[in-house]
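Thanks for making the time this morning. I would like to walk through one model with you, going region by region, and I will keep to what can be read from the coordinates and the record.

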Amino acid sequence: MKLMVLEPLGIEQEKLLDMVEKAVDGRMEVVAYDTRVEDVPTLIERSREADAVILSNFPYRREVMEHCPNLKYINVAFTGVDHVDLAYCRERGITVSNCAGYSTAAVADLVFGMVIALGRNLGTCDEVVRRGGTKNGLVGFELEGKKFGVVGLGAIGSRVAAIANAFGCEVYGYNRSPKTLPGVKQVDLDTLLSECDIVSLHVPATEETKGLMDAERIGRMKSNALLINTARGSVVDSQALADALNEGRIAGAGIDVFEMEPPVPEDHPLLRAKHVLATPHVAFATGQSMEKRAALVCENLRAWLAGSPIHVVC
């Protein structure tokens, strides 16, 4: 059997290959590519002889997999799997696992980095001090006492809620299925949006969540509120959010995810909107999280080879 590691995974390539070789323990031939490519012809060429592949977050669709007659297993080194054609995998009986949990701490950290940067005007403060300015007009706000809304109370959302509690926030939570967490007031989504000073999104990309934050729901937010999206780009209507920001109907936004993977087009509405802190999909990316991810990939491999796959999404 052949295993194709289709891209680097954020740790030293030699170390990754050593970890993977130990996980397969001689049961598979391992080929590991040290470049990331996303074009269909190259992905077909790299995948066509594979019994199993490892990839992170580039699109992996039917037009690639239909050229891979031996493919039985896709090991996704990522939490979300909307970039993989799961419908085709079900048709073919291809098992798909993910690496949920590797980036929980990393994403939660960035949420509060964004909140503090926006709330204390850190970007503007840096510019002002470099040109000899003062704090005039740069008075920010404290997190203590703020109403902090968490939309989606999975592992990351739950950690964000716990950190918000530690900051002294009044924490509101919305989850599709009721979930009891200490220090979190469970409310419906409309109540959360209308009451909270900060709203942080932590839902997966599904048909149900596509456009969840549309013009109507953004319109329910307070004029002094911040919206943080480290979930998936499809969850937010970017044009509606840009309009609300430019018209002063909400105060600011921290955006790590867009409808596409970076590079984001220069004319994207959120890159031209007021009071946006944008990052290039880095919430998951820390040295520690990359190590955790590689370890999870290897756990997934061992379990699949043993006939009892784990972290199965399809």
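Before I name any element, let me say that helices, as H or I runs of at least four residues, and strands, as E runs of at least two, are taken from DSSP and numbered from the N terminus. With that in hand, serine 200 can be placed in strand β9, which covers residues 198-201. Please also keep in mind throughout that this is a predicted model.

Let me stay with serine 200 for a moment. Is this serine buried or exposed? Serine 200 has a relative accessible area of 0%, and because buried means under 20%, it counts as buried. Its side chain is joined to that of histidine 202 by a polar contact of 2.7 Å. Once neighbours within four places in sequence are set aside, the contacts of serine 200 are Val111, Phe148, Gly149, Val150, Val151, Val160 and Ile228.

A second serine makes a useful companion to this one. Serine 97 sits in strand β5, residues 95-97, and serine 97 is likewise buried, at a relative accessible area of 0%. Here the side-chain partner is tyrosine 73, with a polar contact of 3.1 Å between the two side chains. Beyond four places in sequence, serine 97 touches a set of residues that includes Tyr73, Ile74, Asn75 and Val76, and also Asn300, Ile310, His311, Val312 and Val313.

Now to the annotation, which I would treat with some caution, since it comes from an unreviewed UniProt entry. That record places the feature "domain: D-isomer specific 2-hydroxyacid dehydrogenase catalytic" at residues 17-313, and over this stretch the chain is 35% helix and 14% strand, with 25 Å between the end C-alpha atoms. The record also places the feature "domain: D-isomer specific 2-hydroxyacid dehydrogenase NAD-binding" at residues 112-283, where the chain is 28% helix and 16% strand and the end C-alpha atoms are 11 Å apart.

Next, helix α10, residues 238-246, which deserves a closer look. Which of its residues are buried? They are Ser238, Ala240, Leu241, Ala242, Ala244 and Leu245, and the elements that these buried residues pack against are α9, β10, β11 and β12. At the start of α10, a side-chain oxygen of aspartate 237 comes within 3.2 Å of the backbone nitrogen of glutamine 239, while after the helix comes glycine 248, with a positive phi near 75°.

Let me turn to the backbone geometry of some other residues. Proline 262 and proline 263 are joined by a cis peptide bond, with omega about 10°, and proline 263 belongs to the loop between β11 and β12. Asparagine 121, in the loop between α5 and α6, has a positive phi near 55° although it is a residue other than glycine, and at 23% relative accessibility it counts as partly exposed. Histidine 281 is not a glycine either and has a positive phi of about 55°; its place is the loop between β12 and α11, and at a relative accessible area of 10% histidine 281 is buried.

Around that α5 to α6 region there is also something to see at the surface. Ile116, Leu122 and Phe167 together make a nonpolar surface patch of about 240 Å². Of these, isoleucine 116 belongs to helix α5, residues 104-119, and is partly exposed at 33% relative accessibility. In helix α6, residues 122-130, we find cysteine 125, which is partly exposed at 27% relative accessibility. Cysteine 125 touches Arg120 and Leu138 when residues up to four places away are not counted, and its C-alpha atom is 7.4 Å from that of lysine 135, 10 residues apart along the chain.

Finally, what does tyrosine 174 touch? Tyrosine 174 is in strand β7, residues 170-174, and is partly exposed with a relative accessible area of 26%. Leaving out residues up to four places away in sequence, its contacts are Val150, Val151, Gly152, Leu153, Val187, Asp188, Leu189 and Leu192. Two of those names, Val150 and Val151, also came up as contacts of serine 200, and with that I am happy to go back to any of these regions.

Conventions
Residues are numbered from 1 along each chain as its sequence is written. This is a predicted model: local features need pLDDT of at least 70, side-chain atom pairs count only at pLDDT 80 or more; totals for chains, interfaces and linings use all residues. Side-chain values use heavy atoms; hydrogens and water are left out. Patches are made of residues with over 30% relative accessible area and no salt bridge: like charges are joined within 9 Å, nonpolar side chains (Val, Leu, Ile, Met, Phe, Trp, Tyr) within 5 Å. Accessible areas come from the Shrake-Rupley method with a 1.4 Å probe; for residues, only the protein chains shown count as cover. A salt bridge is a side-chain nitrogen of Lys or Arg within 4 Å of a carboxyl oxygen of Asp or Glu. Buried means under 20% relative accessible area, exposed over 50%, partly exposed in between (1.4 Å probe, protein chains only). A polar contact is a pair of N or O atoms within 3.5 Å; within protein, one must be able to donate a hydrogen and the other to accept it, and residues adjacent in sequence count only if both atoms are side-chain atoms. Contact means heavy atoms within 4.5 Å. UniProt positions are given in the numbering used here, feature names are shortened, and annotations may be inferred rather than shown by experiment.
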